[in-house]
Amino acid sequence: MTGKMLKYLTAMLIAVLSISSSAVLAADEVQWLDRAGSSANTEQIINEIADIKSVAGYADMGPVAAKLVEASLAESNHNSAKALAEVALAAAPDDPRVLGGVAQVVYRGDFGKAAGLVVSMAFAYFTDPWVLYSLVTRALLIICFAGALSALAVMLSAQPYHFPPMAHDFVDRFPRDMTRYTPMAFVLLVLALFIAAGGGLLIFILLPGLAMLGYMKKRVSIVVTIGLVLLVGLFSAFNLVASMAEEPGDRAFALYRVWKGDSGPELDAELKERFGEAETEGLVARAILARRAGDGAGAKALLATAETLGGDTGVINFQLGGLHFLDENYAGALEAFGKAIDARPNDWLAWYNLNVVHLARLELAQAEQAIRKASAIDANAMEEHQSQALSSGDKTYPTFRSFPAKWITGELLRGARDISSWPKGVWSVFGFSHSAARPEYFMIFIVLGFLYSLTRKRARMSKRCSSCGTVKCPKCHRIVKGADICGGCWTLNHETGVDPASKRAMRESIVVWTKKSRRMLKFGSILLPGWNRYVYEGGFTSFLVGILWSVTLAVCLTYYFFPVPIAPWADLCFPWYAVALLGLCYVGAVFKNLKR
């Protein structure tokens, strides 16, 4: 499983390196890097970039902008660095890595603008489809790991106190002459039937946990229930990870590279291999690459094939409209943008492009009508767009827009809906070997088990005396209502006339249990910081320490199970901060026990 992850990580990093070293517009990049150091050339270069973006079909020129940002950060002269940053921002105004780099440059002279760029960078991260999916997947994996660890820690902490009463009540359900071997045989029979039906090792966690819920305090049982639900949900989170690491992830990342502004024959060949000739998403992406390579006829042919195969009419005709305009086929551009508007009447950018075509045909009345319609749909977007309108010289081009970002997330979610290869293997070992039994079904039984535990009458259940440690059941022993001690211990403290020998034996048992329970509490609180004390003593501080321990350990496990950076252009870093916080939890637990 981890081998596949690392293989995928290597492949993805190679792809990212190919993005950053793309040969697209190589000559222009060199010129821009040489000329952009002077603020006098900034406006001219921005116009050149606008021209190329309009003609070649780029929403963001991510690879080019990344190089410009690197150059600006390395530039010692602040004015030159600022000029390079402005050009980078023009090349990719919605790229989070560009926004972050430009913010670092601008910070030296304009803190307010830098803060605004940082806010824009945060929004850009959440609108980036690959980054957002990766971020959500990592967060779900951490939450599920933390919940599973919390449930296991609480169950281990509660086992010495709650398991014996539960086992005692279970044995009491059998006739007295069958209590020696029959209960154990019954448990083994149930387990054997579950395993024979295709069940896995998860039953050895769920069965004791659900059985002990009724014996725990409500605050503890809630933690266990939530933790067990997240434990089962962990297998679904594994499936989200696999959707990025296997074929759906390869297909989505190929689309993502086009969406971010990459190009070249290698990417075109990969799209052809991944999507074939019959999937419209791949054809549209290849059409965009053909436009970037200067092959307008090839781009039109691919888009026509995609439309014939029933592709997204709005997206296809939006692309065709821009290609027709470049060929000065304004009638074809009007028809294409009209079809795009018919498919999506509330697409303000299609109306804006229709306005551009009408202006090129000197149809001023129709142009005015189109621009008013665009403003009526989204006035704020129109105003912002007109302030940054892409133009070269005296000619205004239709604004290019790539395919929707949901195509990328759709590929990933398509893989997540079907249980992938290695999550299926893990689920068959721990959960159920039959594909019909999904992890979500087990969550229902866990919630039902919790609700049943709330209805049980605790007065009829056995309990372990907190004073002497013996298990007392209401059928055979006297139990003091509302107290954690048995009737014998209560009598020892509140009544006189008890036999001295019984008193001495009872006090000895209390001393033995007190020493044993203290040792268990100390060892448990060191092994499981926070959760062990929360089970026995409660307290919000213990709960927070337990949550911190679970989350930090979950972050470390996520690094192993999901060795992929959140952003594809970033480096994967070991979570030293999580290791440090985990160490603090253990150090704090040791010092707290030394004081007692």
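Helices α3 and α14 are oblique to each other, because their angle lies outside the ranges for roughly parallel (under 35 degrees), roughly antiparallel (over 145) and roughly perpendicular (65 to 115). This is a predicted model, in which local features need pLDDT of at least 70 and side-chain atom pairs count only at pLDDT 80 or more, while totals for chains, interfaces and linings use all residues. Residues are numbered from 1 along each chain as its sequence is written, and side-chain values use heavy atoms, leaving out hydrogens and water.

**The α3–α14 packing**
- Helix α3 (residues 42–56) packs with helix α14 (residues 280–292) at an angle of about 135 degrees, and their axes are 8 Å apart.
- S54, V55 and A56 of α3 and I288, R291 and R292 of α14 make the contact (heavy atoms within 4.5 Å).

**Nonpolar cores**
- The largest nonpolar core, a set of buried Ala, Val, Leu, Ile, Met, Phe, Trp, Tyr and Cys residues joined through side-chain atoms within 4.5 Å, has 91 residues, and L141, L271 and F403 have the most contacts inside it.
- Helix α8 (residues 129–172) gives the most to this core, contributing 16 residues.
- Leaving aside residues up to four places away in sequence, L271 touches A254, L255, V258, G276, A285, R286 and L289.
- Another core, lying apart from the largest one, has 25 residues, including I49, V69, A81 and A92.

**The whole chain**
- The protein chain has 28 helices and 4 strands, taken as DSSP runs (H or I, at least four residues, for helices; E, at least two, for strands).
- Of the 596 residues in the protein chain, 46% are buried, meaning under 20% relative accessible area with a 1.4 Å probe, protein chains only.

Methods
Axes are lines fitted to C-alpha atoms, for helices over the stretch in contact, and angles run from 0 to 180 degrees between N-to-C directions. Buried means under 20% relative accessible area, exposed over 50%, partly exposed in between (1.4 Å probe, protein chains only).
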